[in-house]
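Visitor: I am new to this one. Could you walk me through how its parts get their labels?
Guide: Gladly, let us look together.

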Amino acid sequence: FFFAMPLPFFMVACVYAARAALQLHPIYQSNMVLQSTRPCLEGSSDQLPISVLLDGRFLIAIREENFTLCMPPQTPDLRFHSLVLKTATDKLALHSIRFGNVFMCGGQSNMYLPLSAFHPTTPELTADFVATIAEEPPFHLLTITSPPTRKKTKPRTYRWHLATPATAPEFSATCWYSGHHLSRLHNHTVPIGLVVTALISAHIRCYLPHHLIHKCPIGDCIASLSATGARCCPSAQRAFVEEAGRMMYLGSACPHSWCFDHLVEPLQHMAITGVLFYQGESDVAHFSQYACLLRQMVAQFRSALLWGRSLPIVFTLIASPGPKRCDLFAFIREQQLSLLGTLPLISMAAAHDQGHTSIHPPDKRRVGRRLALAMNALLTGRPAVFGPRLVDHQIHRGLASTTVTFVFASTHLPLQLRGTLNCVRCCRQSPFTFTFAPHSNLTWLPSRSAIDIDGPRLAVRVGTPRGEGGEGAPYAVRFQYFPYPQCTLYD
């Protein structure tokens, strides 16, 4: 019957079928949180104008087919709102939305692994998890992830969830506790949207668009380690790290740019408050390029229209995998710390003192709390929050020994040496090791003398060991270099 219709009717039918219906980017849906200071929407329609109604009240008329609409700033509160967009023939409605803060949680396994992987491990963690759910935090959860592939993927679907005992266990543990502490800072009165864009084994190039991949060429591991005395172990040269009996081959764990194309780019269609990032374990083989890659990623994130140049970002100083693995993880932390003071609105949260023999410290509460404190400081314009950071040193040579005075930057005083989580030897092991001979096969010796602390200054007396050569003064020093230090400096 259809093909028997007259030709003019057939042509009209085709034109009508091709009309672009009113639609929003799929990241926008019911049960979500819109960033309160920039509640923006992206969408399209070939029918104009588009009327926008908030809670039944007319707000604005859109007169562009492809639109980015930023509504006036909204007061964050716990009320649920409805948002309706309609044309003469189409209508879209978002229900149970809130206005508040939205945070992206990116990285690799330490950001990806869910609460269910950690909270059953000890009664304490289980009880704490139950308690955080009982507080009924105003969380809205979204996880953007799927196995990477070089093939074309099906259209991505998104589903925002309210935090409940049913939805929370499979959500990122680090992201959850970060959001929970951020919510506590506001007495659970500001809604929080948590969006996970993490992928197990993802290297940093996975988070860069293709045109930025080669701005930081990959160097040689051995060349990068000249005169450092670190082991560039064969596993790092082949670029893999073995964890929990599973091989993660770095460089092919996910294709370059996959995380950006499939996880980050969709989120760049909405405004967010900040980024929490926990990544670096997969980049130990090429650590010398890591800071360059982080800078490229920060610049790309801040170039997004709805994210902006003032987007705050907090990185996690990664934990080490234990004493029997490569000792290159300290160099990743050094690369991460190089961003402090050189890029605005950047802060760090430490994880390497968690005292566990794995790159996956099980107690994500402390890491989450540190991420939250650092992010809150950036958002409120306070000085950046991080642990004591080595910024300078002075050498005083004596007849029998040399005193090295280290100067730390810290947000709080006094400084104190304390045992790390689950320490065994605690502060009987100094966080400082010295070497006295300038050659490539270095021998590192711990300081055995008392350490004097005076404000931000920490003095260590070092005597030249017999048979080590040198001229009385140490040639080099390491601080917090151990895979998981027994003792470290806290404020």
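**How we know what we see**

Guide: In this predicted model, helix H10 has these buried residues: Lys364, Arg365, Val367, Gly368, Leu371, Ala372, Ala374, Met375, Asn376, Ala377 and Leu378.

Visitor: What makes a residue of H10 buried?
Guide: Buried means a relative accessible area under 20%, and the residues just named, including Leu371, fall in that class.

Visitor: How do you know that the span of H10 agrees with what is expected?
Guide: The expected span is 1.5 Å times one less than the number of residues. For the 16 residues of H10 (364-379) that gives 22 Å, and the end C-alpha atoms are 22 Å apart, so the two agree. After H10 comes Gly381, with a positive phi near 75°.

Visitor: Why is helix H9 called largely enclosed?
Guide: Because seven of its nine residues (329-337) are buried. They are Phe329, Ala330, Phe331, Ile332, Arg333, Gln335 and Gln336. These buried residues pack against helix H8 (290-303), strand E15 (313-317) and strand E16 (346-350).

Visitor: How do you know that strands E17 and E18 pair?
Guide: Pairing needs at least two bridges, and eight bridges join E17 to E18 (residues 402-409), so they qualify as an antiparallel pair. One example is Gln394, whose bridge partner in E18 is Thr405.

Visitor: Why are E17 and E22 called edges of the sheet?
Guide: The open, antiparallel sheet has four strands in the order E17-E18-E23-E22. E17 (389-397) and E22 (451-454) each have a single partner strand, so one side of each lacks a neighbour in the sheet. From one strand to the next, the twist averages 20°.

How values were computed. Residues numbered from 1 in each chain as written. Predicted model: local features only at pLDDT ≥ 70, side-chain atom pairs only at ≥ 80, totals over all residues. Heavy atoms only, no water. Helix = DSSP H or I, 4+ residues; strand = E, 2+ residues; numbered from the N terminus. Axes fitted to C-alpha atoms, helices over the stretch in contact; angles between N-to-C directions. Buried < 20%, exposed > 50% of the residue type's maximum accessible area, 1.4 Å probe, protein only. Contact = heavy atoms within 4.5 Å.
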